[in-house]
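Subject: Structure for your files

Dear colleague,

Please find the structure below, with notes on what turned up in it. The notes start with the aromatic residues and end with the overall figures.

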Amino acid sequence: MTTTDAPVPPPAPVVKTDAVPPRPAGRRRSEGTVLNVFSHGVLVIWAILVVLPLLWAVMTSFKDDSSIFGSPWALPDKLHFDNWSRAWSQAHMSDYFLNTVLVVGGSLIGTLVLGSMAAYVLARFDFPGNRFIYYLFVGGMSFPIMLALVPLFYVVNNMGMLNTIHGLILVYIAYSLPFTVFFLTAFFRTLPTSVAEAAFVDGASHTRTFFQIMLPMARPGLISVGIFNFLGQWNQYMLPTVLNTDPDKKVLTQGLVQLAVSQGYKGDWSGLFAGLVMAMLPVLAAYIIFQRQVVAGLTAGALK
């Protein structure tokens with residue numbers, strides 16, 4: 001006698017009563033829309049707060065003094081280009097501009113060359129004291145410049161470089177090196193080592209490998225840190241005020257202050273705004289031209 005066993009049914013799935021049901025797609029889309037509207041609203045407000053003062057300064061630079069105080073928010077009745085010519089010639093903004101170009105240009109080149117060389121060695125070579133030297137540069141970023149003004153004045157004076165262009169260039173380089181080394185060290189670590197190893201196999205020296213291979217590959221990082229150093233050095237006021245008291249060697253920030261206080265309460269406000277726009281234009285032009293390179297340099301380390 002044979003018997004056939006009935007198939008055992010599979011166990012019923014256990015339904016968790018405390019499971020959270022998925023949110024409807026429409027609700028997710030509505031939340032995303034609200035978030036986008038909020039973020040775009042914040043960006044629009046921030047853009048207005050940044051752009052309006054710049055436009056107002058440019059508009060005011062073409063007014064006369066009476067219009068500045070009588071109708072500050074109105075458009076100029078006519079474009080007073082004499083404000084710019086007066087600020088450029090009579091207020092000696094041309095001399096201040098030239099001194100600033102010399103100081104910032106020399107210090108920017110020196111900072112990028114020395115900073116990239118130091119960052120490359122710290123990022124690529126292991127030697128005793130590597131991390132110690134790196135953390136010294138990092139510590140230099142946190143040292144307040146206010147505490148170094150008095151000893152820095154005596155050091156520069158004892159070296160015979162007080163009230164000189166090259167003395168100010170050396171101080172700017174020393175002031176900008178910590179951030180430059182910190183930024184470029186992290187960037188050089190993201191570059192592939194196979195290219196440098198291939199250059200060594202072909203007989204290239206360390207100097208040739210750095211200047212002809214690794215440095216061109218680090219161009220996005222150099223442009224990014226160069227823009228940041230340019231902004232900081234161009235707008236620097238405290239260091240030249242302490243170390244550069246010669247009227248013939250003053251920079252733009254000192255010249256703007258001199259223009260503001262030259263006539264006491266009867267200051268040349270139209271010329272002052274024209275000089276302000278003159279000092280502001282190179283910074284805006286540099287950022288607009290290299291905007292893509294700055295973003296690429298900041299994100300290159302995360303993408304590699």
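Phe211 counts as partly exposed, at 39% relative accessibility (buried means under 20% relative accessible area, exposed over 50%, partly exposed in between, with a 1.4 Å probe and protein chains only). Its neighbour in sequence, Phe210, is buried, with a relative accessible area of 5%. The model is predicted: local features need pLDDT of at least 70, side-chain atom pairs count only at pLDDT 80 or more, and totals for chains, interfaces and linings use all residues. Residues are numbered from 1 along each chain as its sequence is written, and side-chain values use heavy atoms, leaving out hydrogens and water.

The structure holds 17 aromatic pairs (rings of Phe, Tyr and Trp, the last by its six-membered ring, pair if their centres lie within 6.5 Å; planes under 30 degrees apart are stacked, over 60 edge-to-face, the rest tilted). One of them joins Phe179 and Phe228 edge-to-face, at 6.2 Å centre to centre and 85° between the planes. Phe179 lies in helix α7 (residues 165-190) and Phe228 in helix α10 (residues 219-234), so this pair ties together parts that are 49 residues apart in sequence. Both rings belong to partly exposed residues: Phe179 has a relative accessible area of 29%, and Phe228 one of 33%. Phe210 and Phe211 also pair edge-to-face, with 4.9 Å between centres and 80° between planes. These two join Tyr120, Phe125 and Phe188 in one aromatic cluster.

Arg189 lies over the face of Tyr134, 5.3 Å from the ring centre (the criterion is NZ of Lys or CZ of Arg within 6 Å of the ring centre and within 35 degrees of the ring normal).

Helix α10 also contains Ser224, which is buried at 0% relative accessible area. The Ser224 side chain reaches the backbone oxygen of Pro220 at 3.0 Å.

As for the whole chain, it has 14 helices and zero strands (DSSP runs numbered from the N terminus: H or I of at least four residues for helices, E of at least two for strands). Of its 304 residues, 34% count as buried. Among contacts (heavy atoms within 4.5 Å) between residues at least 6 apart in sequence, 74% join residues at least 24 apart. The accessible surface is about 19,100 Å², and 70% of that belongs to carbon and sulfur atoms (Shrake-Rupley method, 1.4 Å probe).

Regards

Key:
A polar contact is a pair of N or O atoms within 3.5 Å; within protein, one must be able to donate a hydrogen and the other to accept it, and residues adjacent in sequence count only if both atoms are side-chain atoms.
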